[in-house]
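Dear colleague,

Please find below the structure that I am handing over to you, with its sequence. My notes on it follow directly after.

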Amino acid sequence: MAIELDASATPRELTQAATQHMLPQPCQLVIFGAPGDLSWRKLLPAVYNLNVDGVLPSHFAVVGFGLPAEGDVKGDPDEWIRNRARDGIQRFSRQDLDEVHFADYARSLFFVPGSFNDASAYNRLKARMEAFDQQFGIPGSRVYYLAVPPTLVDMCVGRLKSAGLVNNPDEQTAFTRVIVEKPIGRDLDSAREVIASVSQAFAEGQTYRIDHYLGKETVQNLLVLRFANSIFEPLWNGKYVDHVQITVAEEEGLAQYDPDTCEMIATRAGYYEGVGALRDMVQNHMLQVLCIMAMEPPWSLAPDVVRDAKIGVLNCLRPMSEQEVEKYVVRGQYIEGDVNGKRVPGYRKEVREAFAMMKKPLPSGSVNSTTETFVALKLFVDNWRWAGVPFYLRTGKRLPKRGSEVAIQFKAVPHILFNDHPDVPLEPTVLSLRVQPEEGLSMRIASKLPGPKVRIYPVKMEFNYSSSFGGQTPEAYERLLLDVMAGDATLFMRRDAVESAWRFVMPILNHWETHRARDIPEYQCGTWGPIEADRIIEPDGRQWRTL
Amino acid sequence: MTEMLTRDPDYLVPLRDVERTLTRQMKALQGPGAAPVQRARMANLVIFCNSLEQAILINAQVPEVEAVHPARAILVVGEPSREECDVTARVTVRPINIAGGRAHACAEQVTLHAAGAAVDRLPFAVRALLIGDLPTNLWWAAPQPPPLAGPLLLDLSENAQQIMYDSLGWVNPVRGMAATASWLDRIEQEVRGGRWRVASDLNWRRLKYWRRLLMQALDPASAPGAAESVSEVIVEHGPHAVIQAWELCAWLTRRLGWRLHTGKVSEGVEMAWVFSTPHGPRYVRVRRLPEGPPQIRRVRMTCTLDGKAAAMNLVPEESGRRLAIELEGVDASPRTMSVPPQSAAELIGRQLSDRERDAAFRESMTTAQGMAQSLL
């Protein structure tokens, strides 16, 4: 682990400096599935931005590996990936494409075409990587990013190991690290299988299970907000908090359409159908965010100390009985509706069209798919701090707007001075942390309206990253890639956390499996989910928030 | 102006880019090296108009509303009877000087337009534009009474904590009044899960100073026995202000404890009611004047003062800045009360922060409903 040192410090200060932070180390970033969507939209632009910002190591190269959907690459593979990167940067990068920077980026960007199941492809990959080591002065260190479907993870790590591309976990300079994308399995058993198969090649310390939500500034700011301010932490418990709502709302559905022709141009149906919102969002992103929100103060910011604190929350989640699943969990599926002024089709139609587009037969279970595109649930963290405080989680596709937030609603004040009149509502104090878009936080408090009478009105104090700090906030993937290069696993999921999260959602999945619904609640695209979702919150005298 | 509200492509913004465009316009207001411009918004204000002509008038009032109570204004123009056109959006960011020009803030407005069947899609667009943790208000600026508006009102008011409407100029006041009183109960009770909602009539707000002056005129401390002796009330109003006059009568009779007996309408001229009291029948007449501003012009109460037959005339002074009580039959100086200017925008701005359920309004509307039914 490399430590940035302050040159003006004395030797004692050097070892005890509080501002130490880890630097990314020289390495090759090898992207498995480089032709795919994640690489195009997120990873290649993220590395470009890191390059522009000057935070990448000087001894560094990016190597794409895989095969494009259309088959072989025509022409020079390196030029092919560079063009692909250019396109992704132009479309998705937070910083505009600058030819000077791009030229620098492109000269260290390469592509090795090959099937993940082809041993000879790994040999070619190995040979080229060794050449790049020489070319860029890299000491044999590798970060493998497995941007591949979960079914291919086992094959990829097995082949990597067979090809001798995985170094000893104790190796500090020529390190080998692997980044595994979600989903880690589709249930507890399969997650254990994935974990076990990765662990055959990589030690836990070499494995970085990524959840890009944890790379968001606001999520990290939760730690700062809680533990660097004296006013919040004393209130951060069941004595003062009425309830917590965590929402991840997506505007997009399963498919993307050409704005001119309205034809489907891309789809996640192949992955999403049969997976659903609980597995796709709740089991990983939302529970991870919940952990950071609810965890006990870690005694240091060392990766395993923070991760121990997080797992403490997962271990305290109250397991749901069958009756509680019925009572506390609602799922839904979107039907035709309106988003951004356009009529958009329902989920089932999108699935049918997606499979037709992919020229694959529609699975029999998908004809009348009951895959949930929305899920809302109420859960409890049974520990001293959060006893009796409900946590309401809600996520869905095709909701009115894109937005993710953690909202902490504080308890009402005694009904003595200001809110004893039933017709004059006193809105509760709410601290809301926006994860996306426009990362920031806001606090709603009650204020007196100017004038002779005492009239109370809710006001909202806002902090917005982009307007307060200017510039652009780095994308989550940028931060997380740097962390892997630096060997900092704080923001990555440890094996026990993955298993704990699965353990919590399994009773829900099992209940749905054994009580297969012919139809699940529906909601129109462009609405805030099925009306049934209200039944888990409204009987408590609370309501879902408007984002 | 019309083109700004409709489909001129120079002004249109794709719906998915509304927030981004607002942010960009806001940043453009910031001078080089200047502090960031702050968004001034205390509420969501959704304004619904059902014609372009009306929308143009309202559009001109929005800056004044925002000056009183900063809000994210979403002006929704739905023209169901026109040829269908999709939902379109345009955005405006207006600078506001606050703290004597030492700080910069901006107000934001999104204007949505749709026609034909696409009007039903407007609530979807509105839903995406609301800002969380701010009170949401719907200003129903269409000329028809809200209860006659159908599902569009329900959809637009889905998240609204206050629905504001203006009964000034309703085409069929009797029907509108009868329907609205029962709608008020319904709309406020339909919300679930600890939510609350209130409905407010701007016409009622216009009556604020009239009501105050009437209470002072009949105050037993200054006019002993006057309230009990009132035998007839005549309210004269300009065109389109019949409901304003009606609401005032409903309120007054309720305060006086009168019970409705019968009612009669002379189309376009007068509505008259007879009330019963322990002291005998009492008469209320609402008379329309052929011309003049759409407001109450005079309230005349026949009564007994100091044991003599007398009358109180409550009239606005010519300047419109004061209301006066003039007495007939007794020797007394006129009494006056200042009335601050009340433009429609000012009324809306004030109403945005006034979210309490007004028991007097609700009771008066119950009486008014009975008065309406007696005329049907």
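Into which domains is chain A divided? Chain A consists of domain 1 (11-209) and domain 2 (215-540), with bounds that come from an automatic or database domain assignment.

Two remarks on conventions come before the rest. This is a predicted model, in which local features need pLDDT of at least 70 and side-chain atom pairs count only at pLDDT 80 or more, while totals for chains, interfaces and linings use all residues. Residues are numbered from 1 along each chain as its sequence is written, and chains are lettered from A and ligands numbered from 1 in the order in which they are written.

Confidence in chain A

The mean pLDDT of chain A (the predictor's confidence in each residue, from 0 to 100) is 88, and 94% of the residues score at least 70. Helices (H or I, at least four residues) and strands (E, at least two) are DSSP runs, numbered from the N terminus. Among the elements of chain A, strand β14 (residues 390-396) has the highest mean pLDDT, 98, and helix α1 (residues 11-16) the lowest, 36. Over residues 1-20 of chain A, pLDDT stays under 50, and the model has 15 contacts beyond four places in sequence for them. Two residues are in contact if their C-beta atoms, placed from the backbone, lie within 7 Å.

Domains and cores

The centres of the two domains of chain A, taken over C-alpha atoms, are 29 Å apart. Between them, 32 residues of domain 1 of chain A are in contact with 27 residues of domain 2 of chain A. On the side of domain 1 that touches domain 2, α2 (37-52), β5, α7 and β6 (207-209) of chain A each supply at least two residues. The largest share of that side, six residues, is from α2(A).

A residue counts as buried if 20 or more other C-beta atoms lie within 10 Å of its own, exposed if 12 or fewer, and partly exposed in between, with C-beta atoms placed from the backbone. A nonpolar core is a set of buried Ala, Val, Leu, Ile, Met, Phe, Trp, Tyr and Cys residues joined through C-beta atoms within 7 Å. The largest such core has 144 residues, of which A:Ile31, A:Phe32, A:Tyr145, A:Leu146, A:Ile179 and A:Leu290 touch the most other members. Helix α10 (residues 276-294) of chain A gives the largest share of this core, 12 residues. Domain 1 and domain 2 of chain A each contribute at least three residues to this core. Beyond its neighbours within four places in sequence, A:Tyr145 is in contact with A:Leu29, A:Val30, A:Ile31, A:Phe32, A:Leu43 and A:Ile179. Another core, of 107 residues, lies apart from the largest one and includes B:Leu122, B:Ala181, B:Val233 and B:Leu252.

Helix α6 of chain A

In helix α6 (residues 153-162) of chain A, the buried residues are A:Val153, A:Cys156, A:Val157, A:Arg159 and A:Leu160. They lie on the same side of α6(A), because they cover an arc of only 160 degrees around the axis; the arc is that of the directions from the helix axis to the C-beta atoms. These buried residues pack against β1 (27-32), α5 (119-136), β4 (142-146), β5 (176-180) and α7 (188-201) of chain A. A:Gly164, just after α6(A), takes a positive phi of about 70 degrees.

Chain B and its interface

Chain B has 12 helices and 16 strands. Its radius of gyration, taken over C-alpha atoms, is 23 Å, close to the 21 Å that the globule rule gives for 376 residues, so chain B is as compact as a globular protein of that length; the rule is 2.2 Å times the number of residues to the power 0.38. Of the 376 residues in chain B, 44% are buried.

Across the interface, 25 residues of chain B are in contact with 29 residues of chain A. On the side of chain B that touches chain A, β4 (85-98) and α4 (122-129) of chain B are the elements that give two or more residues, and α4(B) gives the most, with four.

Backbone points to check

Most residues other than glycine have a negative phi, and most peptide bonds are trans. A cis peptide bond joins A:Lys182 and A:Pro183, with omega about 0 degrees, and A:Pro183 lies in the loop between β5 and α7 of chain A. The peptide bond from A:Gln436 to A:Pro437 is also cis, with omega near -15 degrees. A:Asn340 has a positive phi, near 50 degrees, and is buried, with 20 other C-beta atoms within 10 Å. Phi of B:Asp306 is likewise positive, near 50 degrees, but B:Asp306 is partly exposed, with 13 other C-beta atoms within 10 Å.

With kind regards
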